[in-house]
Amino acid sequence: MEFGLSEEQLLIQESFRGTLERLVNLDSIRAVSNGAQSMDKTLFAELADLGMAGLLIDEEEGGTGLTLFDAAIVAMELGRSIAPVPFAATAVMAPLALKLAGSDAQRKEWLPKIAAGEIIVGMALSDAIHGAKRGASVTAHNNKLSGQTSFALDTAEADALIIADTESNLYLVSTDALGLECTHMPSIDGTRPLTDIILKDVAAEPLGNGGKVHITEIINAGRVILAAESFGASEEMLSRAVDYAKERRQFDRAIGSFQAVKHLCAEMAAELQPCQALIWYAAYAFDSLPEEAELSGLLAKSHMDEIGRFVARTATEVHGGMGYTDLMGLHFWFKRIGFNRAQLGGPEKLRALAASLQGLTGSSATSHQTAAAR
Amino acid sequence: MDLTDHAEHRQFREEVRTFISEHRHLAPEDTAHSYRLMPRPYSEEVQNWQQLLVEKGYANRTVPSEYGGFGAEPDILKSKVIADEFFKANVPQGLYSQGISMLVPTLLEHGTEEQKKEWISRTIRTEVFWCQGYSEPNSGSDLASLQTSATEDGDDFIINGSKIWTSSAHVAQMIFCLVRTEPEAGKYDGISYLIFPMDTPGIEIRPLQTMTGHPSFNEVFFTDVRVPKSAVVGGRGKGWKVANSTLSHERGMLSNANLSHERLQKIEKLLKREGSDGRPIGENAPLMDRYIRLQARVQGMRFHEMRLISDAAAGKPRGLGDMVCKLIGCELNHQLDGLAIDILEEAGVLYDGIPSIELDGIWQQLHMYDLGLIIGGGTAQIQKNIIAERGLDMPREPRPAQG
């Protein structure tokens, strides 16, 4: 048994951490957050050279053929640095969708370009996650999509989108297709804009086998990745809080010597330690224990969402007034954690799904969300 | 990440399974809810089971054979295989007790050859039962301020003072005890670790009833108790170091994710019952939300322990990950007990000894017992100091000048 990172995975972690430390700083985060840029393209290109965009894509299609566990390691580093680049959709969920559901021709056409970082593919899954909404769902007729889908991920510079209809079938749509109207909406995390999409008879290409049977797996992978990203961001916030508490002096003492302050740090550390193993396990289950994968992902993200919120507020508090300023930039971590919490299902929704998945909610308690997300 | 067994451990797992299936008829009935609540002194059945486990290497397996153990090479993964297989089969594992889990490792590390030969084998076979004399009425979290004195008299020490929270003192034959032998030395340098019989003249035991209604603790008073100097473990004035190695064993012992998992599984069964309104409890969304929250925490602890075991097997030093276990593990158990009580509604307040409700009556007792464990063995607040100061390298609370 080996519960942790292999030698190769330590190298992956080290190379991403090194590159991110070199290329991401408050200025580069601000440039995206304030809307001057839609993403950090230089960084994205460097990370693509490290293999970020093709982690889950097979070698013959230009990727590195690694696992979700490897992608989770990378996500932790992206979260640690608040890298202002797309990842969860274009580098994880979209390649998985194409790999699992795409036809041979679709795989050959799309995967090599995604792996090379030449194109970005966003994901619009709101119907699959939340269930169909009256009058605002995506319906398909003769491979033309109509309706509305909200809060799509990784769409800022997307060349194509994968869109789920009310039946959770998946379609590829070019972002310059006729009848497609994308409205970018600023989110709390300026480096993570969301997109509202209105479709009017938009030409769409269904993924080879429809995708429906794989939708849970695709969403689960996304949840594990968001949890991993929030874990990295939370660890960084704790580390900064500890450093600050050691340096900052009041009453002739480092504030970190006061139990009122150090106990906050101890609580954050104690809560975060098991999260790492929980997320690792969820990623490993996705790769190797399919019967445990969905529940592990639900537990990992719902728990990380809660601990993330606790760490985000507590680490800010340890910084005192400085934590509240824009100057220190700590709020970028706070915001990324808050953003991830709401995506692909917030903790209450995920816990309800977990209860239902385990057959614990009684006969008829399965919610419409549950039915749709399966 | 690879959670499959290597060939050696796969074979070992088969051996453990075979042992369990061939011997489970000898195992004591219902040790559910852990060894901690096992009535003491142990029944003959419990003692025989423990002795069988020691002999076959399923308890205290790394204790060298010259001291009565199985003499296995340390292999934490095999220890985990044993723990998991016994847990899965719902068969009691080797006993935890202060003697077996705290004194024995301490003697192995600090004891003289004679002490090891005399006590280890008999202790792990439950022939000798120990209690721990650490805390005093005025020395709890600040354990090193202890005042029980041992003054020199020829080849002996004369002990005066008192200890508190001494669980099982009323059934123990022996005590391991911290006393001040060097009153003129500094706070941490004047302490010695002594082992001596509880029937030594001058020892008085008064039971201390706890909130559970059970007298599981005692106060112990020493009046001119004469103990030979050979009772010192680890050298005169070295008791603080010896005690700290013992405390780290206690902290490891208190956090065992399998115990939390066991509670969770029992709660899952409760959830499948009908509530007082005749509807499945699972339809009660707020209760289900609480259950899933705790399920995630239990899973987190299980996998965290697997990670620590894996790290230890790879030779990595103990660190922050180990330091958080007592704090979060004890809190988690207490929360699980509280959830079970709430699921049971009115029946949740029924207390032990009511046969018609079988295990329901245990939850209130556990709820209090686990609160005791949050306080005992280093309070949650002391744990947070340890995590912050040793794990996160934060500055210590300034200490007043030491006498």
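**Exercise 1. Find which residues of α4(A) and α9(A) meet, and work out how the two helices run relative to each other.**

Step 1: pick out the contacts. On the α4(A) side you have A:L68, A:F69 and A:A72, and they meet A:I279, A:W280, A:A283, A:Y284, A:F286 and A:D287 of α9(A). Contact here is when two C-beta atoms, placed from the backbone, lie within 7 Å. Helices (H or I, at least four residues) and strands (E, at least two) are DSSP runs, numbered from the N terminus.

A quick note on the model: it is predicted, so local features need pLDDT of at least 70 and side-chain atom pairs count only at pLDDT 80 or more, while totals for chains, interfaces and linings use all residues. Residues are numbered from 1 along each chain as its sequence is written, and chains are lettered from A and ligands numbered from 1 in the order in which they are written.

Step 2: sort the contact by class. There are eight nonpolar residues, no polar ones and one charged. (Ala, Val, Leu, Ile, Met, Phe, Trp, Tyr, Cys and Pro count as nonpolar; Asp, Glu, Lys and Arg as charged; the others, Gly among them, as polar.)

Step 3: check the angle. The axes of α4(A), residues 68-81, and α9(A) come within 8 Å and cross at roughly 150 degrees. Axes are lines fitted to C-alpha atoms, for helices over the stretch in contact, with angles from 0 to 180 degrees between N-to-C directions. Angles under 35 degrees count as roughly parallel, over 145 as roughly antiparallel, 65 to 115 as roughly perpendicular and the rest as oblique. So α4(A) and α9(A) are roughly antiparallel.

**Exercise 2. Follow α9(A) across to chain B and describe how it sits against α12(B).**

Step 1: get the geometry. The axes of α9(A), residues 259-288, and α12(B), residues 380-391, come within 8 Å and cross at roughly 85 degrees. That makes the two helices roughly perpendicular.

Step 2: list who touches whom. A:Q259, A:K262, A:H263, A:C265, A:A266, A:E267, A:A269 and A:A270 meet B:K384, B:N385, B:I387, B:A388 and B:G391. By class, that contact has six nonpolar, four polar and three charged residues.

Step 3: zoom out to both chains. In total, 41 residues of chain B are in contact with 39 residues of chain A. On the chain B side, α8 (285-313), α9 (320-323), α10 (325-343) and α12 each supply at least two residues. The most come from α8(B), with 16 residues. That side has 21 nonpolar, nine polar and eleven charged residues.

**Exercise 3. Lay out the antiparallel sheet of chain A, strand by strand.**

Step 1: set the order. Four strands form an open sheet, β2-β3-β7-β6. The edges are β2 and β6 (180-185), each pairing on one side only. Strands pair if DSSP finds at least two bridges between them.

Step 2: walk through the pairs. β2(A), residues 139-141, and β3(A), residues 144-152, are antiparallel over three bridges, and A:T139 has A:S146 as its bridge partner. In their hairpin, with two residues between the strands, A:N142 takes a positive phi near 50 degrees. Next, β3(A) pairs with β7(A), residues 194-203, over six bridges; there A:K144 stands opposite A:A203.

Step 3: look at the twist. Neighbouring strands are turned by 10 degrees against each other on average, direction ignored.

**Exercise 4. Say whether A:L344 and B:E345 are buried or exposed.**

Step 1: spot the backbone feature. A:L344 has a positive phi near 55 degrees without being glycine; B:E345 is not a glycine either, and has a positive phi of about 50 degrees.

Step 2: place them. A:L344 is in the loop between α12 (331-342) and α13 (347-357) of chain A, while B:E345 is in the loop between α10 and α11 (362-375) of chain B.

Step 3: count neighbours. A residue is buried if 20 or more other C-beta atoms lie within 10 Å of its own, exposed if 12 or fewer, and partly exposed in between, with C-beta atoms placed from the backbone. A:L344 has 30 such neighbours, so it is buried. B:E345 has 12, so it counts as exposed.
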